[in-house]
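Subject: A structure for you to explore

Hello! I am handing over a structure for you to look at, and my notes on it follow below. Please keep it open beside you while you read.

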Amino acid sequence: MDCIFCKIIEGTIPSKKVYENESVVAFHDITPQAPVHILIIPKKHIATMNDAESEDFALIGEMHRAAQQVARELGIADTGYRLINNCGKDSGQEVFHIHYHLLGGEPLGALVGRKA
């Protein structure tokens, strides 16, 4: 499999981890879009949120738990943060391994702009 996130999980590509347990890893995005920009991924490869099956829902809940903990540890839980999942090419998903973007550390602007 040629998935960059799977390679991060197996350790063949380095990352700056901020959280890890038996099922989830969280690490700094290499092209941050906010002062805090963390990617939260499951260790199980699931291409998109549409590919998640009923047995994966507990794992997705674990990703949310990790987001809460990381937000607290990085000092953005009280001021606020954005948790984003892009699903499919039209959403802007670039890596087809489900993941959340945890963004914060400053007031965040509009999520999307209108196209003319």
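One term first: a residue is called buried when its relative accessible area is under 20%. Please also keep in mind that this is a predicted model.

With that term in hand, start at β5. Both of its faces are covered: Tyr100, Leu102 and Gly104 on one side are buried, and so are His101 and Leu103 on the other. In total, five of the five residues of β5 are buried.

In a regular strand the side chains alternate between the two faces of the sheet. You can follow such a pattern in β3, where Val36, Ile38, Ile40 and Pro42 point one way while His37, Leu39 and Ile41 point the other way. How many of the residues of β3 are buried? The count is seven of seven, and the strand is mostly covered.

Next, the neighbours of these strands. β3 pairs with β5 in the antiparallel sense, over five bridges. Within that pairing, His37 stands opposite Leu103, and Val36 has Gly104 as its bridge partner. β3 also pairs with β2, again antiparallel and over five bridges; there, Val25 is the bridge partner of Ile41. As for β5, it pairs with β4 in the antiparallel sense over four bridges, and Leu83 stands opposite Leu102.

Now to the nonpolar cores. The largest one has 19 residues, and those with the most contacts inside it are Val24, Ile38, Ile40 and Leu102. The elements giving two or more residues to this core are β2, β3, α2 (57-73) and β5. Which of them gives the most? That is α2, with seven residues. Ile40 is a good residue to click on: leaving aside neighbours within four places in sequence, its contacts include Val24 and Val25, Met63 and Ala66, Leu83, and Tyr100 and Leu102. Apart from the largest core lies another one, of eight residues, among them Cys3, Phe5, Phe27 and Ile41.

Here is a small exercise on Ser23, which sits in the loop between β1 (17-20) and β2. Is Ser23 buried or exposed? Its relative accessible area is 18%. The cut-off for buried is under 20%, so Ser23 counts as buried. Not counting residues up to four places away in sequence, Ser23 touches Ile41, Pro42, Lys43, Leu59 and Glu62.

Finally, have a look at the largest pocket, with a volume of about 790 Å³. Its lining is made of 31 residues, and those nearest the centre are Asp29, His37, Leu39, Glu94 and His101. The elements that give two or more residues to the lining are α1 (4-10), β2 (24-28), β3 (36-42), β4 (81-84) and β5 (100-104). Among these, α1 gives the most, with three residues. By type, the lining divides into 16 nonpolar, twelve polar and three charged residues.

If you want one strand to follow through these notes, try β3. β3 pairs with β2 and with β5, it gives residues to the largest core, and it also gives residues to the lining of the largest pocket.

Enjoy exploring!

Methods. Residues are numbered from 1 along each chain as its sequence is written. This is a predicted model: local features need pLDDT of at least 70, side-chain atom pairs count only at pLDDT 80 or more; totals for chains, interfaces and linings use all residues. Side-chain values use heavy atoms; hydrogens and water are left out. On a 1 Å grid over the protein atoms alone, a cavity is a set of points where a 1.4 Å probe fits but cannot get out, and a pocket is an open set with protein on both sides within 12 Å along at least five of seven lines; lining residues have an atom within 4 Å of a point. Grid points are joined across faces, edges and corners, and a volume is the space filled by probe spheres set on the points. Ala, Val, Leu, Ile, Met, Phe, Trp, Tyr, Cys and Pro count as nonpolar, Asp, Glu, Lys and Arg as charged, and the others, Gly among them, as polar. A nonpolar core is a set of buried Ala, Val, Leu, Ile, Met, Phe, Trp, Tyr and Cys residues joined through side-chain atoms within 4.5 Å. Buried means under 20% relative accessible area, exposed over 50%, partly exposed in between (1.4 Å probe, protein chains only). Contact means heavy atoms within 4.5 Å. Two strands pair if DSSP finds at least two bridges between them.
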